[in-house]
Amino acid sequence: MSTLAAPVRVSPVIKFFRWSLLGTGVVYGAFHQSRLDKNEAALREVESKQMVIRDEKLAIEKKLAADREIRELEALAK
């Protein structure tokens, strides 16, 4: 089995920039997610308003279809 060489010591400057970029990425990600959440909330609000209107139209269409079916059945029964 081969033996591994001792790890190389990483420069403190490189460590600093690694951690700085990681922190910057986390902050950017949180900001971006917040912005996306706001946009999605606005879309959900619009969709909920449209859903109420759509449900009312579907209920009216369903009632009309049921009435039409009853009339057709009555016409067949005569």
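# One helix, Q&A

User: Let's start at the front: where does Leu 4 lie relative to α1?
Analyst: This is a predicted model, where local features need pLDDT of at least 70, side-chain atom pairs count only at pLDDT 80 or more, and totals for chains, interfaces and linings use all residues. Residues are numbered from 1 along each chain as its sequence is written, and side-chain values use heavy atoms, with hydrogens and water left out. Helices here are DSSP runs of H or I with at least four residues, strands are runs of E with at least two, and both are numbered from the N terminus. Helix α1 covers 12–77, and Leu 4 lies in the segment before α1.

User: Is Leu 4 buried or exposed?
Analyst: Buried means under 20% relative accessible area, exposed means over 50%, and partly exposed is in between (1.4 Å probe, protein chains only). Leu 4 has 82% relative accessibility, so it counts as exposed.

User: How far apart in space are Leu 4 and Asp 67?
Analyst: In sequence, Leu 4 and Asp 67 are 63 residues apart. From C-alpha to C-alpha, the distance in space is 83 Å.

User: How many helices and strands does the chain have, and what is its radius of gyration?
Analyst: The chain has one helix and zero strands. The radius of gyration is taken over C-alpha atoms, and the globule rule is 2.2 Å times the number of residues to the power 0.38. For 78 residues that rule gives 12 Å, and the chain is well over it, so it is more spread out than a compact globule: its radius of gyration is 32 Å.

User: What does the C-alpha trace span, and what share of the residues count as buried?
Analyst: Along its principal axes, the C-alpha trace of the chain spans about 100 × 40 × 5 Å. Of the 78 residues, the share that count as buried is 0%.

User: Which residues form a nonpolar patch on the surface?
Analyst: Patch residues have over 30% relative accessible area and no salt bridge (a side-chain nitrogen of Lys or Arg within 4 Å of a carboxyl oxygen of Asp or Glu). Nonpolar side chains (Val, Leu, Ile, Met, Phe, Trp, Tyr) are joined within 5 Å, like charges within 9 Å. One member, Phe 16, sits in helix α1 and counts as exposed because its relative accessibility is 52%. With about 320 Å² of accessible area together (Shrake-Rupley method, 1.4 Å probe, only the protein chains shown counting as cover for residues), the patch is Val 13, Phe 16 and Phe 17.

User: Which residue meets Glu 45 in a salt bridge?
Analyst: Side chains of opposite charge can pair when their charged atoms come close. Here the N to O distance is 3.7 Å, and both partners lie in helix α1, four residues apart, about one turn of the helix. Glu 45 is partly exposed at 46% relative accessibility, while its partner counts as exposed at 54%. That partner is Lys 49.

User: What about Asp 55: which residue forms a salt bridge with it?
Analyst: The closest N and O atoms are 3.6 Å apart. Asp 55 is partly exposed at 37% relative accessibility, and its partner is partly exposed at 46%. The partner is Arg 54.

User: And how far apart are the closest N and O atoms of Lys 63 and Asp 67?
Analyst: Lys 63 and Asp 67 both lie in helix α1, four residues apart. Lys 63 is exposed, with 53% relative accessible area, and Asp 67 is partly exposed, with 31%. Their salt bridge has its closest N and O atoms at 3.3 Å.
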